[in-house]
Structures are given as C-alpha cells and as structure tokens.
Amino acid sequence: MKDLTKYRNIGIFAHVDAGKTTTTERILKLTGKIHKIGEVHDGAATTDFMEQEQERGITIQSAATSCFWKGYQFNIIDTPGHVDFTIEVYRSLKVLDGGVGVFCGSGGVEPQSETNWRYANDSKVARVIYVNKLDRLGADFYRVVKQIKTVLGAKPLVMVLPIGTEAEFAGVVDLLERKAYVWDDSGLPENFEVKDVPEHMKEDVEKYRAELIETAVEQDDEVLAKYLEGEEPDIASIKKCIRAGAIKLAFFPTYCGSSFKNKGVQQVLDAVVDYLPNPMEVPPQPEVDLEGNPTGKFAKVDPDAPFRALAFKIMDDRFGALTFTRIYSGKITKGDSVLNTFTGKTERVGRMVEMHANDRTMVDTAQAGDIVALVGLKNVRTGHTLCDEKHPATLEPMVFPDPVISIAVAPKDKANSDKLSTALSKLVAEDPSFHVEVDQESGETILKGMGELHLDIKIDILKRTHGVEASIGEPQVAYRETITTVIDDSYTHKKQTGGSGQFAKISYTIEPGEPGSGFIFESKIVGGNVPKEFIPSVQKGFEMLKDKGPLLEFPVLDFKVTLTDGGYHPVDSSTMAFEAAAKAAYRQSMPKAAPQLLEPIMKVDVYVPDANVGDVIGDLNRRRGMIKSQEATATNVHINADAPLSEMFGYIGDLRSATSGRGQFVMEFSHYAPVPKNVYEKVKADIEAKREAKKK
C-alpha cells in the first residue's frame, strides 16, 4: 500500500517563454531523474520530445513525468504556454492537486498567465508562485509581486527575497529561517553556501518576515491568539499555518530564482512538499449522472473504494494509444476490465505505464492518487470516466471551447487519402479542441482549430509524423449568424398522397436570446392543441436546422423558439409531420427575424519596443482593431486590443517587419460581434464565388 501523504500531483504552467520547461529540466536534474540537463534553446529538453517542439522551442503538448524529492513522489505535468494550446493546460489542471505558476521576472504577469490562472481558480488548484529569470535585464521581483496582486487579484505570500538583481542576482534569502542561500557562478545547483542575511537586506527581511507571519497565523486561532499576546510561533507552527492557507487558496507562497542559472529551484521543490496538498487533502471529485447533473456523491480518495478514474489525455505513439488517466479512488491491476460510462462498454487494460516524457516504466498496479497511462483502450476519449463495472459512476466531465479557424485539406492521391483519414482520427482523439468535418457539398475535408499556430502544427504532424502528402487551403473564419428581432408566426404542414396523409399546425415565437445562451426551446401549449408526444418533434425540427442560418448558412447562435399553439388531426398527425412543420417554419420565419452575420473577435496582446508603438497601433487600426489599453513594462510596451480574426491572418510577419523582429503577440478568442455591411458583402461574394466554382 502506497503512502498517499508522500504524493504530490503538480502541474507547471505559465505564459509562453516564462521558463516552465527549463524549470522542469532543473527539477528532473535535482531529483536525479536525469543526469544531463537538456536546454530548450538547443531543442534538447526532456519534456519537449516532439520534433515540432524542439524546432520551435515551445511546448505543444503537456508531458508527464515522475520523480522523487526527499522521499516524496512528484507526478509532474509540464504544460504549454502558447494560447493556441490552452486546452492542454485546462485538462491538466483538471486532474492535478497543485501547481507551480511560473512568471517571468522581466515580463511579469502576461496574458496567458491570466488565462492559466483563471483555469487554476476554476479547478480550485492550490499553487506556489515562482518568479523566474531574475538574472535577466529588467527583472524586478517586487514589481511582479505587485502585478500578481493587481492583475490576477491574487494574494502572494512572499517566502524569499532575491539577493541582487539582473546580472548581479546571486541567490535568495529564506524569510522563515533568516538564512541566505548564495550560489557560485559554476551554474551547478548544488554549489551554494548558506550564509547570514546581507547587512543591507536586514531591514527588508524583517519587514517581509513580519508580513509573512501575520498572514500565516490567521489560519489558526490558537496560534493567532498567542501571536497577538507577543509570542512568536516556532517555524513548524508557521509552516503548518502556511500549508493550511495554501490548500484553502487563501494565499500563494511566492518564491524566486533563475532556473537557467540553477538558482532557487530547491526552495520551490521544498515548497511543493511543505505547502501543496497530497491527493487526500483536496476536495473529492463530484460524481454526475448521464445528463451531467450532480448526484451528491463523491469519488473519495481511498484505495479500497470502488474504482473511479478520469481519462484526461490521449496520446498516440510508437507503442500504440496511451490513455493518460488520473485515478481518484480504488485501484486497478494490469488485465482488469473497466467500464467507460460515456460509451457504456467495458474495456480491458492491457498494460499500464508510468510516464517519463516519452519513455515509460511498466507497472502492474496503480491506486487512488496515481497518474498513469493505460495501454490498449480502444474507445476512450478525453474526459471519459473509467470505473468499476459493478459500481458505475461518472465524474464531472471537461468542457472544451469551440474552434474559431478552419482550413481545407485535400490528399494528393488515393494512397494519401487513406493515410489522411487514419492520421486525422488519431489527432482528433488526442486533441479535443481540434475538429475535422467533411463539407457535404464539395467533399472537402475541413480542419478546425484554435488559431493559426494550432493548425500549422497539426499540418506539420500530418506531413512529418504520418507521412501524408496533402494540399492545404487558405485559413477560413468560423462566422456565425444570429437574429435581432422577435417574430410571431405559424405554419401548417399538409400532405395528401392517397392513403393516410400528413397534418401538423404550429404557432410559435422566435426571438433573440442572451449572448452565450445557445438554442432554447420552450412549449407553452395548454389544453392539448398539440399532443405532448409531438412537442419533442417540433423541438427536433428546429434544432436540426439551426446550423444552417438564413443568410449564408452559418450556424445560428443564441435564439429562442416558443411553441404557443397549434392543431392536429387524429389520423394524419405524426411525429414526422410535426418535425417537417418545424423545419419549414424555420425556413419561413428566420429570414424575417432580421438576421445578422457575426464574426469572431480576438483578444490581442502585443508587446513592442517603445519606438514602434505608433506603427503597430496604426496597423491594428487598419485591421479594424479597437485599442483598449497600452502600458509601459520594464522592457517594452504592452498593447491590448480587440480585433476581428479575419484581419489577423499573417499578422506575425507584419509585426516582425514593423519591429525589426522584436515584437511579439498572443491572441485568443474573446466573443462574436456583428460584421460591418461592407465586410458582409465581401464574405457573401466570396461564398457565392466558391459555390459557382464548385458547380463548374
């Protein structure tokens, strides 16, 4: 039986380029998991094992690894920072007990840090904060701490102070122990000395230490009472209070260092042990019924309870399909059969492995608190619950955002056509934010994703990993439609063809809904003018056509249909007749409801040198961008804007030209907004031209 108090399931997350993967490499070296450090900029990082990751120097998919520190087992997931891959962060945080939020000492709280922090808040994940890259030009630990308070609305609990800044950064002062940890310039993490606090820092150390203790003791009434009487608690009591507050998310223990220079990482590892929860200290996972409603039951972290696990990632590699699984309760042994509550089918677990990036270690058994990869499951997808077939239950599922950009892909020949469909089915299984559809009219295969980089990587994987030769179309925007006015209408469906006929009459109101409300159907029928058994058919008829809008056949967002009255025939009425009436009613009334074309608006964060701000803002204005704010940071200017996705294709090239390669930007979906009339006319003309071309 494993001791779960010695487990820490943690994720490392941050904005792109804040140093997550470098930090993970240092952790693996310090814990003895690897003996040679691989650098991201050399394409040699352990957890960046995809070719595309090594070339681009970014993390694309989350990688799992296990290691030990001072007798504690860490299951670590290194997540991507780029906005197009936030889905990886979201699903990783969903199954973790704690996290390390990494922030750049000079960049501070960047846009993706905000998104990841929000995900972590939603998943109620306890975190320690690590301010990295303090050796960089413009690094300022105190400014980043202030940003964490103002931008994230979080409460950082400062545990260490930096000794020196930028090139002079030498180590950290531990506030609790009042000891300075100073590293030499060899770059080796073990080459440090423990010294007294430097004279010039003593005042700051006492000030921050007092704040630390005051905040911590609030977590324990007994310790607080003694503290108010003038008795300072011992370090063990303070640590106990900090642990309680961190697990309750009352505050976040905050550290600093330079992972690249191997300074300050040990303190973060100690903090994970001291302050982040073990699997038994986090709230148990709620169970839901098949409709997604809470049942009031919970998956208790107990190896002797019925088996409950959540599949949070599917990965296909040379050994076959791996299903990354977090076990919440019970235990599982190689060869066991488990029930997938989504499909209702049982599957046999062929093998189980513990992951170390893309290497693996076979294990025979796993229990509550473990994160393992199961080999050989055929029909399991991300978010599916695996459980004991004698005690079925479903865990709270994951919710994924809809794609906003699409491209057409066509295989070069028949041989590539088969390879393409096999490869795409694997990619869809691995990534819930990647969708594939076939255009019924043209027969084209359409790939849909979260951004240009997201689709770019998928195409690269198709070509290199799966050897598919294909031609790629231009990126397309996922437009939507909505209605803007209320329509009261009725429709009668009559058909007489010898034998029994068809009859259905419906009166209804179609009205715009609240943004984000989707499609809502309500029946206000009283007195049986439309028998109860036919009402679901009316709903089904409207629902079947909602993906074909009245303007340009884009899906319709946010509208409500209310069935108010109707009529039926005792012989000729049927479910089919009422469904047909609803479809005809949709076609008749939607064009009357002042339909409007909507386009995806992106939240764009641009970082540019001070000298280029005017050019960049002028360019964003030309792209119909709305500048919301701009603020100077230590190293550049941060411009925050909203801009239509259709105008942002190829933006990275223009930005680099305007800033001599020094500008950066990130972009994520914000909301849908009506398109201007001239844009609508252009989109309409493009679509009509494509339809004409297909006819020829």
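This report covers aromatic pairs, charges over rings and salt bridges in a predicted model.

**Aromatic pairs**

The structure holds 13 aromatic pairs. One of them joins phenylalanine 103 and tryptophan 117: the ring centres are 6.1 Å apart and the planes meet at 55°, so the pair is tilted. Tilted is the class for planes that are neither under 30 degrees apart nor over 60. Phenylalanine 103 belongs to strand β4 (residues 98–104) and tryptophan 117 to helix α4 (residues 111–122), so the contact ties together parts 14 residues apart in sequence. Phenylalanine 103 has a relative accessible area of 2%, so it counts as buried. Tryptophan 117 is buried too, with a relative accessible area of 2%. Ring pairs also bring in Phe252, giving a cluster of Phe103, Trp117 and Phe252.

Tyrosine 181 and phenylalanine 192 form another tilted pair, with 5.9 Å between centres and 45° between planes. This pair links strand β9 (residues 179–183), which holds tyrosine 181, to strand β10 (residues 192–195), which holds phenylalanine 192; the two residues are 11 residues apart. Burial is split here. Tyrosine 181 is buried at 14% relative accessible area, whereas phenylalanine 192 is partly exposed at 31%.

**Charges over rings**

Tryptophan 117 has a further contact. The charged end of arginine 127 sits over the tryptophan 117 ring, 4.3 Å from its centre. Elsewhere, lysine 6 lies over the face of tyrosine 72, at 4.7 Å from the ring centre.

**Salt bridges**

The structure holds 27 salt bridges. The table lists some of them.

| Acid | Base | N to O distance |
|---|---|---|
| Aspartate 489 | Lysine 592 | 2.8 Å |
| Glutamate 579 | Lysine 540 | 3.5 Å |
| Glutamate 553 | Lysine 548 | 3.9 Å |

The bridge between aspartate 489 and lysine 592 links distant parts of the chain, 103 residues apart. Aspartate 489 lies in strand β31 (residues 487–495), and lysine 592 in the loop between α13 (575–589) and β35 (595–608). Aspartate 489 is buried at 16% relative accessible area. Lysine 592 is partly exposed at 45%.

Glutamate 579 sits in helix α13 and lysine 540 in helix α12 (residues 535–545), so their bridge ties together parts 39 residues apart in sequence. Glutamate 579 is buried, at 16% relative accessible area. Lysine 540 is partly exposed, at 44%.

In the remaining tabulated bridge, lysine 548 is partly exposed at 46% relative accessibility. Glutamate 553 is also partly exposed, at 37%.

Salt bridges can share partners as well. Asp619, Arg622, Arg623 and Asp654 are joined into one network in this way.

Technical notes. Residues numbered from 1 in each chain as written. Predicted model: local features only at pLDDT ≥ 70, side-chain atom pairs only at ≥ 80, totals over all residues. Heavy atoms only, no water. Phe/Tyr/Trp six-rings, centres within 6.5 Å; stacked < 30°, edge-to-face > 60°. Helix = DSSP H or I, 4+ residues; strand = E, 2+ residues; numbered from the N terminus. Buried < 20%, exposed > 50% of the residue type's maximum accessible area, 1.4 Å probe, protein only. Lys NZ or Arg CZ within 6 Å of the ring centre and 35° of its normal. Salt bridge = Lys/Arg side-chain N within 4 Å of Asp/Glu carboxyl O.
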